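Here is a short briefing on one chain. Look over the sequence and the coordinates first, then read the points by topic.

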Amino acid sequence: MYLNLAMAQKRQSGRVGNYKRTVKRIDDGHRLCNDLMNCIHERARIEKVYAQQLTEWAKRWKQLVEKGPQYGTVERAWCAFMSEAEKVSELHLEVKGSLMNEDFEKIKNWQKEAFHKQMMGGFKETKEAEDGFRKAQKPWAKKLKEVEAAKKAYHAACKEEKLAISRETNSKADPALNPEQLKKLQDKVERSKQDVLKTKEKYEKSLKELDNATPQYMENMEQVFEQCQQFEEKRLRFFREVLLEVQKHLDLSNVASYKNIYRELEQNIKTADAVEDLRWFRANQGPGMSMNWPQFEEWSADLNRTLSRREKKKASDGVTLTGINQTGDQVSQPNKHSSSLSVQSNTVQSVQSSYNPFEDEEDTGSTVSEKEDSKIKNVSSYEKNQGYPTDWSDEESNNPFSSTDANGDTNPFDEDTSPAMEVRVRALYDYEGQEQDELSFKAGDELTKMENEDEQGWCKGRLDNGQVGLYPANYVEPIQ
């Protein structure tokens, strides 16, 4: 840019100070360091949020799959995706740590070493560059000013000469002028010609001195410019080095553990065997399951005695059924489906314990007291949906194949909910709903929390526009 600065300035009527852009580039370098740090910081925050979302997604769906109807090797293959998400989440947290602890800190330290702030503002490097350019340009700029003054004087003399010649020519055609007046005009022309010669000589001399000073001026300016170039070269090379390190931290395809995650995931999926799962289901839930066929039993008054409604209402430590043998249709389900019986007995016990043992026998099952209503309302939605019978008898069946689940009337993925007072909360982060029953909001939005957090970390809430749905509990905070 400044290799031909002197000649360029001569062609531009001696414009001085064209080094300003080069000096400004130093200040721009400091600002670019801040921009790069902000860029890396935002990417690190994205990596952290993504890792958190992967972990939450894995936890939620692992619980849903384990509670759902899927079984066997396909269930394990499905759960392998959640394991993959947890491992990838850890890798992205490592990426976030590398970006902040290594790359961000490296730029911050380099910026501190390369740019030194002054007490009066600005940077030491900027002032040194500007002073260097001004010092190199000062002698030449002085001579340039002399050239401009000489040129102005020469042009003024030429203008005066032309005006004097014009007046002399016009006077010759005017008979009213006497010889003395004509003589004065001729003398004026002669003096104008002499002034033109003098100013021209001075103008040419000033230009010659300026040309003689130009090589030294160019050398001095180029020397200062090269110092600025070297400073900028250090910054450019440093940025290239940092960007390559950021690329290495972001590129998980070259991380051995990352490759192993998907190699293991593929192996887990390939181990899924439909034949094996069908064989297991036949042996545990189908005709191959162990059967306890009915056998002859002696009559027992305790076994066959029909309990009256009043006896059923008596407070007891629990419901005890004796002498009942499990048939083939009553063999217990695997562990993931075996919690319903215990929940049922506990519910019956809690409801029965609320009855008054001195109530009249004329009470029918169609009416209950207000106290009983309040007890039943406290039962969770999971227990309410079980449809437990009010009377137990030997004729009732507990056949797992006759459940309404087989007809799709209930959703095995329904989650437990518990009533809670509505609370106003404020969003801490942006969240985009991934399912139809999930809410979407921006950080700072306010909504109403309708139910407490469930075991999977989700809450039910309502937006100000009336939309009701689920959202991650750790994405909001109560409004004080």
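The points below go from the overall make-up to helices, cores, cysteines and strands.

The model is predicted. Its chain holds twelve helices and five strands. Of the 480 residues, 29% are buried. Among contacts between residues at least 6 apart in sequence, 74% join residues at least 24 apart.

**Helix α4**
- Helix α4 covers residues 124-172, 49 residues in total.
- From first C-alpha to last, α4 reaches 71 Å. That is close to the 72 Å expected at 1.5 Å a residue.
- At Lys 138, α4 bends by about 45 degrees. A proline, Pro 139, follows within four residues.
- Pro 139 is itself part of helix α4.
- Is Pro 139 buried or exposed? Its relative accessibility is 51%, and the cut-off for exposed is over 50%. Pro 139 therefore counts as exposed.

**Helix α5**
- Helix α5 spans residues 179-250 and has 72 residues.
- At 1.5 Å a residue, α5 should span 106 Å. Its end C-alpha atoms lie 99 Å apart, which agrees.
- A kink of about 35 degrees sits at Thr 214 in α5. The proline Pro 215 comes shortly after that kink.
- How far apart are the C-alpha atoms of Pro 139 and Thr 214? They are separated by 9.8 Å, with the two positions 75 residues apart along the chain.

**Main nonpolar core**
- In soluble globular proteins, nonpolar side chains tend to be buried together.
- The largest nonpolar core here has 41 residues.
- Which residues have the most contacts inside this core? They are Ile 40, Ile 107, Phe 115, Phe 133 and Val 242.
- Four helices each supply at least two core residues: α2 (20-67), α3 (72-114), α4 and α5.
- The largest share, 14 residues, comes from α5.
- Phe 133 has contacts beyond its neighbours within four places in sequence. Its partners are Tyr 19, Thr 22, Val 23, Met 221, Val 224, Phe 225 and Cys 228.

**Second core**
- Apart from the largest core lies another, of 14 residues.
- Among its members are Val 425, Tyr 471, Ala 473 and Tyr 475.

**Val 88 in helix α3**
- Val 88 lies in helix α3.
- Its relative accessibility is 3%, under the 20% cut-off, so Val 88 counts as buried.
- Leaving aside neighbours within four places in sequence, Val 88 is in contact with Leu 54, Tyr 258, Ile 261 and Tyr 262.
- Val 88 and Tyr 50 are 38 residues apart in sequence. Their C-alpha atoms are 9.9 Å apart in space.

**Cysteines**
- How many disulfides does a search of the whole structure find? The count is zero.
- Cys 228 has 5% relative accessibility. That is under 20%, so Cys 228 counts as buried. Cys 228 is also one of the contacts of Phe 133.
- Cys 158 has 25% relative accessibility. That value falls between the 20% and 50% cut-offs, so Cys 158 counts as partly exposed.

**Strands β2 and β3**
- Strand β2 (residues 446-451) and strand β3 (residues 458-462) run antiparallel, joined by two bridges.
- Lys 449 has Gly 461 in β3 as its bridge partner.
- Thr 448 stands opposite Arg 462 in β3.
- β2 and β3 form a hairpin with six residues between them. In the turn, Gly 457 has a positive phi of about 85 degrees.

**Strands β3 and β4**
- How many bridges join β3 to strand β4 (residues 468-472)? There are five, and the two strands run antiparallel.
- Gly 461 stands opposite Gly 469 in β4.
- Arg 462 has Val 468 in β4 as its bridge partner.
- β3 and β4 form a hairpin with five residues between them. Gly 466 in this turn has a positive phi of about 95 degrees.
- Strand β4 is mostly covered, with four of its five residues buried.

Conventions
Residues are numbered from 1 along each chain as its sequence is written. This is a predicted model: local features need pLDDT of at least 70, side-chain atom pairs count only at pLDDT 80 or more; totals for chains, interfaces and linings use all residues. Side-chain values use heavy atoms; hydrogens and water are left out. Two strands pair if DSSP finds at least two bridges between them. The expected span of a helix is 1.5 Å times one less than its number of residues. The bend at a residue is the angle between axes fitted to the seven residues ending there and the seven starting there. A nonpolar core is a set of buried Ala, Val, Leu, Ile, Met, Phe, Trp, Tyr and Cys residues joined through side-chain atoms within 4.5 Å. Buried means under 20% relative accessible area, exposed over 50%, partly exposed in between (1.4 Å probe, protein chains only). Contact means heavy atoms within 4.5 Å. A disulfide is a pair of cysteine sulfur atoms within 2.5 Å.
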